[in-house]
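Reader: Mind walking me through the packing in this one? I'd like to start with the empty space inside and then get to the cysteines and the core.

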Amino acid sequence: MIESRLSQLLTLGLGISIVLSSCSPYAEPVDAASLYVREVEGAVFDTTPIRGEFVPLHYKKAGFTYRCTECHFSIQPPPRQNPLQSEHANITLDHGLNTNCLSCHHPRNRDVYVDHDGNEIPADQPARLCSKCHGPTYRDWEAGIHGRQNGHWDTSKGGRSKLFCVQCHDPHSPKFKTMTPLPPPKRSRFSNGRDSGPDSAP
Amino acid sequence: MNAPRGTQGGALDPTLQRRSFLKAGVGTMAALASLAGISAPLRSVNSGVSLDAFLQQHYKRLTPDLLDQILRRIENEVARDYGAKVTVRDIRPMDGVEFGYALNLSRCNGNRKCVEACVQENNQTRDPQMQYIRVLEMPAGSLDVEKSDLYYDHEQVPAKGKYYLPVQCQQCQNPPCTKVCPVEATWTEPDGITVIDYNWCIGCRYCMAACPYEARRFNWKQAEIPPEEINPNMGYLSNRIRPMGVVEKCTYCLHRTREGQYPACMEVCPTGARVFGNMLDPDSEINYILKNKRVYILKEDAGTAPRFFYYFDV
């Protein structure tokens, strides 16, 4: 009898203590007006391409557009032009052995690119032009493993954006430029200067 | 304690009644005192973790109702402690999906953008610093991680004569970390992601010792994140703000990837060195790499069979 009474009391005491200590402020809702609200989409990190917006042509200020034939309907430069002049003075031509402008630019219609057989490649399909020489890379790009993709791996759930060659590579100097890296992790206090991982103990 | 006498029916013998009363009283006092002693650590733990969180059941044994209560409680805790309105969800694996990751080491230039994106996306604590991804600077022509440098600090990368090897959780098919966990707080989900129930973890760090890739991080302090930097899209098993004293890890951003999105580290890589996808889909990009590139895995002799593949390809 006493044992059973004791166990009843114990249970009661434990119950009371749990009820008391579970009245923590965590369970109470917080005033919504005081909270910081952040948009989920696109707010978390930067995904802009490495080259971003193109630098507009100088002559654009004078009412010219991106149509190269605005100048080149009359100006016929020699096939091999070096150094570059006029509007092209700021171009650094560093594309390996490819130093000939007309390897890529169509000799008669400057608004488009040129294929091996002299046919035109539309200006909005630069990947076709690059594939003339960079076949394996083009194949990888088509398969989606060269260059960055953003969005959804599962295209049934949402869209996927794919960058074109010239959004990362400067076509006149396609090699990636060096970048400034983000700062290294802090060294652990206990590492004594040696590498022991970034999770530094306080 | 003596067997009770004369208690069957009718009035009690007064002396016996008094004695039993005293015994019961003393016993109760002692029991309450010992209860106070037992619950002392419980009360001190209450300062960092609510009792509800402390007594919470294992994630796999939660009923939907209970799980929903827990998610709401975590949202309230974040609102109270960090002043940010967030959504915590339980996101289940998709059917017919096993995630794989590939990284082109010829493309990686060591800019650490992936590290930064991971920290922002997964709400890692800023002080003390925690990062799931380590970018190792390796001498060209060598695969020896012992000669690598984690703390390289050049003005510009890539440095001459170096290449860069980012290492994060390899999501092994044969993970040593889950086997050593004494409380089964970590396990591998059907889509290949090894997760941790951060409320069930006791912080013993056996998994950190077992991992050959040093991919797990111990959480030394309560996370410090400014409210405007908190990512409000949270998953219970991934990027919610973790309690103090538990082990954390990369989860392939499962709150994103289980909804069809790419992980954060891949989305920001400016050189496009990273490829992610479903290995069970024959037309996926990750499968194209596995079929057409010469991939290798880190520490193959450890027998962990990672789902993270490296390859060199210009």
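Reader: How do the residues lining the largest cavity divide into nonpolar, polar and charged?

Author: Keep in mind that this is a predicted model. The largest cavity holds about 110 Å³ of space, and B:C108, B:N111, B:C114, B:C269 and B:R274 are the lining residues closest to its centre. Sorted by class, the lining comes out as nine nonpolar, four polar and three charged.

Reader: And how many cavities of 30 Å³ or more does the search find?

Author: The search covers the whole structure. With that cut-off, the count is six.

Reader: Why is there no bond between the sulfur of B:C169 and the closest cysteine sulfur?

Author: A disulfide needs the two sulfurs within 2.5 Å. The closest cysteine sulfur to that of B:C169 sits in B:C250, and the pair is too far apart for a bond because the gap is 5.4 Å.

Reader: What about B:C172: which cysteine has the sulfur closest to its own?

Author: B:C172 is buried, at 7% relative accessible area. Its sulfur is also too far for a bond, as the distance is 6.3 Å, and the closest partner is B:C169.

Reader: Okay, the core. Which element gives the most to the largest nonpolar core?

Author: That core has 65 residues, and B:Y252 is one of those with the most contacts inside it. B:Y252 touches B:F276 and B:F308, among others. Elements of chain B that each supply at least two residues include β3 (99-104) and β5 (162-167). With six residues, the top contributor is α3(B).

Terms used
Residues are numbered from 1 along each chain as its sequence is written. Chains are lettered from A and ligands numbered from 1 in the order in which they are written. This is a predicted model: local features need pLDDT of at least 70, side-chain atom pairs count only at pLDDT 80 or more; totals for chains, interfaces and linings use all residues. Side-chain values use heavy atoms; hydrogens and water are left out. On a 1 Å grid over the protein atoms alone, a cavity is a set of points where a 1.4 Å probe fits but cannot get out, and a pocket is an open set with protein on both sides within 12 Å along at least five of seven lines; lining residues have an atom within 4 Å of a point. Grid points are joined across faces, edges and corners, and a volume is the space filled by probe spheres set on the points. Ala, Val, Leu, Ile, Met, Phe, Trp, Tyr, Cys and Pro count as nonpolar, Asp, Glu, Lys and Arg as charged, and the others, Gly among them, as polar. Buried means under 20% relative accessible area, exposed over 50%, partly exposed in between (1.4 Å probe, protein chains only). A nonpolar core is a set of buried Ala, Val, Leu, Ile, Met, Phe, Trp, Tyr and Cys residues joined through side-chain atoms within 4.5 Å. Helices (H or I, at least four residues) and strands (E, at least two) are DSSP runs, numbered from the N terminus. Contact means heavy atoms within 4.5 Å. Lists of a residue's contacts leave out its neighbours within four places in sequence.
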